[in-house]
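Colleague: Could you take me on a close look at one part of this predicted model, namely the lining of its largest cavity? I'd like to hear which residues are there and what surrounds them.

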Amino acid sequence: MRKLLVLFSLLLVTACIPSYKLLKTGNRVMWDSYTVATAENINEMQSEKAISWTQYGPILENIQFIKPLKEGDKIPGDYKDDVASKVPAYRTGMTPEEVVELYRSSVSLNGKVVTEISELTPRDIGGLAGYSFEAFVSTPKGKDLRVKIYFVEKDSKLYLIEFGARAVHYYQARLQTAEQVVNSLTF
């Protein structure tokens with residue numbers, strides 16, 4: 001009986017762990033809002049507020065598609081109860097600089113340290129005037145990540161795509177793939 005209880009407990013725990021599925025090359029509709037394409041088979045995990053793609057594992061590199069933010073929505077994260085009320089919310093018509101600050105504040109309140117943010121770069125995203133910027137982020141365990149954020153506002157919603165990777169190698173190795181994905185975006 002004890003062995004059965006242990007087995008049941010293990011099955012219950014593993015059922016609660018999010019898992020990746022293999023996404024074949026081609027187009028993928030995100031949030032019934034836009035379409036992006038992958039030129040390679042890639043691992044995908046979907047949650048309520050984000051869809052993640054990774055080739056080598058989320059610890060090494062990850063492209064994250066944030067569910068479009070409406071007025072009052074917050075960038076998703078694992079915020080502790082004592083800071084959850086301090087997390088800034090998206091407001092329609094934010095300036096690009098305000099979006100950068102929204103990202104920086106959200107990441108900082110999620111327990112990470114943003115050590116550097118690059119200049120904003122205007123760029124076409126799905127035929128609209130969007131922006132990108134880079135940031136260096138450190139986790140509490142000392143992992144250094146290099147992140148590139150792509151964003152555009154459309155129909156009073158903020159569309160965010162975050163590419164993050166270990167700063168040492170994977171950022172440069174996977175940046176071209178992330179750029180191809182963003183360049184494939186169509187509304």
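**Around the largest cavity**

Modeller: Happy to. The residues lining the largest cavity are Tyr-34, Ile-125, Tyr-150, Phe-151, Val-152, Tyr-159, Leu-160, Ile-161, Leu-185 and Phe-187. Keep in mind that this is a predicted model. By class, that lining comes out as ten nonpolar residues, with no polar and no charged ones. The volume is about 50 Å³, and a search through the whole structure turns up one cavity of 30 Å³ or more. Two strands, S10 (144-154) and S11 (157-166), each put at least two residues into the lining.

Let's take Leu-160 from that list. Setting aside neighbours within four places in sequence, Leu-160 has contacts with Gln-64, Phe-65, Ile-66, Leu-69, Ile-75, Ile-149, Tyr-150 and Phe-151. Two of those partners, Tyr-150 and Phe-151, also line the cavity. Leu-160 has another role too: in the largest nonpolar core, which has 24 residues, Tyr-103, Leu-158 and Leu-160 touch the most other members. Strands S6 (61-69), S9 (128-138), S10 and S11, along with helix H3 (96-109), each give two or more residues to this core. The top contributor is H3, with five residues. There's also a second, separate core of 23 residues, and its members include Leu-23, Val-152, Ile-161 and Ala-178. Val-152 and Ile-161 are cavity-lining residues as well, so the lining draws on members of both cores, given that a core is a set of buried nonpolar residues joined through side-chain atoms within 4.5 Å. As a general point, nonpolar side chains in soluble globular proteins tend to be buried together.

Now follow the two strands to the loop between them. Asp-155 lies in the loop between S10 and S11, and Ser-156 is in that loop too. Asp-155 has a positive phi of about 50 degrees without being a glycine, and Ser-156, also not a glycine, has a positive phi of about 60 degrees. Asp-155 counts as exposed because its relative accessibility is 60%, while Ser-156, at 43%, is partly exposed.

Another lining residue, Ile-125, takes us to a hairpin. Strand S8 covers residues 121-125 and runs antiparallel to S9, with five bridges joining them. One of the residues involved is Asp-124, whose bridge partner in S9 is Ala-129. Two residues sit between the strands of this hairpin, and Gly-126 takes a positive phi near 65 degrees there.

S10 and S11 also help line the largest pocket, and so do S4 (42-46), S5 (50-54), S6, H2 (81-84) and H3, each giving two or more residues. S11 provides the largest share of that lining, seven residues. This pocket has a volume of about 1300 Å³. It has 44 lining residues, and those closest to its centre are Gln-64, Asp-78, Asn-110, Lys-112 and Glu-162. Gln-64 is one of the contacts of Leu-160 mentioned above. The pocket lining is mixed, with 23 nonpolar, eleven polar and ten charged residues, whereas the cavity lining has no polar and no charged residues.

Finally, two more contacts of Leu-160, Ile-66 and Leu-69, turn up in the lining of the second largest pocket, together with Glu-48, Lys-49, Lys-67, Pro-68, Lys-70, Asp-73, Lys-74 and Pro-76. That pocket holds about 160 Å³ of space, and its lining divides into four nonpolar, no polar and six charged residues.

Definitions and conventions: Residues are numbered from 1 along each chain as its sequence is written. This is a predicted model: local features need pLDDT of at least 70, side-chain atom pairs count only at pLDDT 80 or more; totals for chains, interfaces and linings use all residues. Side-chain values use heavy atoms; hydrogens and water are left out. On a 1 Å grid over the protein atoms alone, a cavity is a set of points where a 1.4 Å probe fits but cannot get out, and a pocket is an open set with protein on both sides within 12 Å along at least five of seven lines; lining residues have an atom within 4 Å of a point. Grid points are joined across faces, edges and corners, and a volume is the space filled by probe spheres set on the points. Helices (H or I, at least four residues) and strands (E, at least two) are DSSP runs, numbered from the N terminus. Ala, Val, Leu, Ile, Met, Phe, Trp, Tyr, Cys and Pro count as nonpolar, Asp, Glu, Lys and Arg as charged, and the others, Gly among them, as polar. Buried means under 20% relative accessible area, exposed over 50%, partly exposed in between (1.4 Å probe, protein chains only). Contact means heavy atoms within 4.5 Å. Two strands pair if DSSP finds at least two bridges between them.
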